[in-house]
Amino acid sequence: MRECTRVHFTCRRRISIASRQEVAKLAGVSEATVSRVLNNVGPLKEETKERVLAAARQLGYTPSSLARSFARQRSGNLGVVMPYLPKARLFSAYYFSEILSGIGSKAREEGYDLLMLFRDPAEVMDYSGLFRMRKIDACIVLGAKEDPGEVAALRNLKEEGHSFCLINQHFEGEDFPEVDADHIDGSYQAVIHLLEQGFRKIAFLNGPEVYSNSRDRLTGYTRALAAKGLIPEPSLQFRGNFSRTSGLAAAREIAANLKQIDAVFAANDRMAIGLQQGLRELGIPGAQMPAIIGYDDSEAAELTTPSLSSVRVPFFKLGELAAFKVLEMTAVRDTETPSRATRIQLPTELIVRASSTIMIPKED
């Protein structure tokens, strides 16, 4: 996992006897928070203001007039770009709610407001325009997908020096700031677990290929099979769209091939739960029910019958790190020290429950 490191800088002309870094250390806050307090940008807790001002007085720190002028041009908003999906309750979905909670927690700590922005699925979003209009000071992109227009828009952001970060999406050949989880290893561990339980005919219910995490999960699935000398069979690979209804739809295909399937790895919990529900509605008896593993380890995983084994992804931490990353970029982007684009990748963890641990012989 790549470590997230804080970039420190030294101005060419120091006009104070102390640095903003020293004020931040004494006050127990970030440099970005010191900047916002001293320049009165964005909402801040009174206690935080008093602590920073006291530290600045104690150290004799005075920000330059250039810095004050620059800070006043900022909006105090951290933009979060979300996919617009009609009738999809995004904020109640575990994936989005956990990531947004993490982003919001760090933004609040740093004195920023969140500005939610929804991407029109039929158009390429003008990310750079959001900065030109001073709507946002930094941007976190959720739900980005493989598309030439999307890549071009993100390249513009990078070339113009704006603070942005992608969550859960990787573009091969590009050097964008990204915060992601190790989906290859997460999928590998899930399928290895099934193989160690004695299952050999393992189906895979994946999400759309336009998302890098879908491709990563496929890589983990095939690597695990190869580790046991098995060749992936195209007839055992199914496609959904991460929704519960797509899991229900896949249940019909999987039920028709149960003699060739003894376990299913699903790319998220919602599809896995839809699959469980669909198989029950089709009248599949418990003795013929395949073992199932989901992905995300949402709260619902423990509530299914049987409880769902799943790969835990630290979504809250992903959100926190992404917010930290872009706000750090914002704090230093007006200096001579640029922020280096890096990919931070967090580990995943397989959580084993009843859905994958008991192998019941099937009736012929």
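Strands such as β9 and β10 are DSSP runs of E, at least two residues long, and they are numbered from the N terminus. With that in hand, here's a quick tour of this predicted model. The protein has twelve helices and twelve strands, and 51% of its 364 residues count as buried. Sequence-distant contacts get a good share here: among contacts between residues at least 6 apart in sequence, 76% join residues at least 24 apart.

**Nonpolar cores**

- The largest nonpolar core runs to 67 residues, and Leu78 and Ile103 have the most contacts inside it. Helix α12, which covers residues 315-332, gives the most to this core, chipping in seven residues.
- A separate core of 18 residues lies apart from that one, and its members include Met125, Leu130, Ile136 and Cys139.
- What does isoleucine 103 touch, once its neighbours within four places in sequence are left aside? Its contacts are Leu78, Val80, Leu114, Ile140, Ile167, Gly319, Glu320 and Ala323.

**Helix pair α10 and α11**

- Take α10 (residues 244-255) and α11 (residues 269-281): their axes come within 7 Å of each other and cross at roughly 50°. That angle makes α10 oblique to α11.
- As for handedness, the crossing of α10 past α11 is right-handed.
- On the α10 side, the contact involves Arg244, Ser246, Gly247, Leu248, Ala250, Ala251, Ile254 and Ala255. Facing them in α11 are Arg270, Met271, Gly274, Leu275, Gln277, Gly278, Leu279 and Glu281.
- Sorted by class, the contact of α10 with α11 has eight nonpolar, five polar and three charged residues.

**Helix pair α1 and α3**

- Helix α1 (residues 20-27) packs against helix α3 (residues 46-59) at an angle of about 125°, and the axes are 9 Å apart. So α1 counts as oblique to α3, because an angle between 115 and 145 degrees falls in the oblique class.
- α1 passes α3 in a right-handed crossing.
- From α1, the contact draws on Glu22, Val23, Leu26 and Ala27. From α3, it draws on Arg51, Val52, Ala55, Ala56, Gln58 and Leu59.
- By class, the contact of α1 with α3 has seven nonpolar residues, one polar and two charged.

**Backbone oddities**

- Some background first: most residues other than glycine have a negative phi, and most peptide bonds are trans.
- Which way does the peptide bond from threonine 305 to proline 306 go, cis or trans? That bond is cis, with omega near -5°. Proline 306 sits in the loop between β9 (291-296) and β10 (309-312).
- Aspartate 297 is found in the loop between β9 and β10 as well. Its phi is positive, about 55°, although aspartate 297 is not a glycine. Aspartate 297 counts as buried because its relative accessibility is 7%, and the cut-off for buried is under 20%.
- Arginine 134 also has a positive phi, near 60°, in a residue other than glycine. You'll find arginine 134 in the loop between α6 (127-132) and β3 (138-142), and at 49% relative accessibility it counts as partly exposed.

**Individual residues worth a click**

- Phenylalanine 265 belongs to strand β8 (residues 263-266). Is phenylalanine 265 buried or exposed? Its relative accessible area is 0%, so phenylalanine 265 is buried.
- Leaving aside neighbours within four places in sequence, phenylalanine 265 is in contact with Ser187, Ala190, Val191, Leu194, Ile202, Ala203, Phe204, Leu205, Ile293, Gly294 and Tyr295. From phenylalanine 265 to tyrosine 221 it's 44 residues in sequence and 8.5 Å in space, C-alpha to C-alpha.
- Glutamate 150 has its place in helix α7 (residues 148-159). Charged side chain or not, glutamate 150 is buried, with a relative accessible area of 5%. Not counting residues up to four places away in sequence, glutamate 150 touches Arg119, Val124, Tyr127, Val141, Ala144, Lys145 and Phe171.
- Lysine 317 is in helix α12. With a relative accessible area of 41%, lysine 317 is partly exposed. Lysine 317 and isoleucine 99 are 218 residues apart along the chain, and 7.5 Å separates their C-alpha atoms.

Technical notes:
Residues numbered from 1 in each chain as written. Predicted model: local features only at pLDDT ≥ 70, side-chain atom pairs only at ≥ 80, totals over all residues. Heavy atoms only, no water. Core = buried A, V, L, I, M, F, W, Y, C linked by side-chain atoms within 4.5 Å. Buried < 20%, exposed > 50% of the residue type's maximum accessible area, 1.4 Å probe, protein only. Helix = DSSP H or I, 4+ residues; strand = E, 2+ residues; numbered from the N terminus. Contact = heavy atoms within 4.5 Å. Axes fitted to C-alpha atoms, helices over the stretch in contact; angles between N-to-C directions. Parallel < 35°, antiparallel > 145°, perpendicular 65-115°, else oblique. Left-handed = near helix turned anticlockwise from the far one by under 90°.
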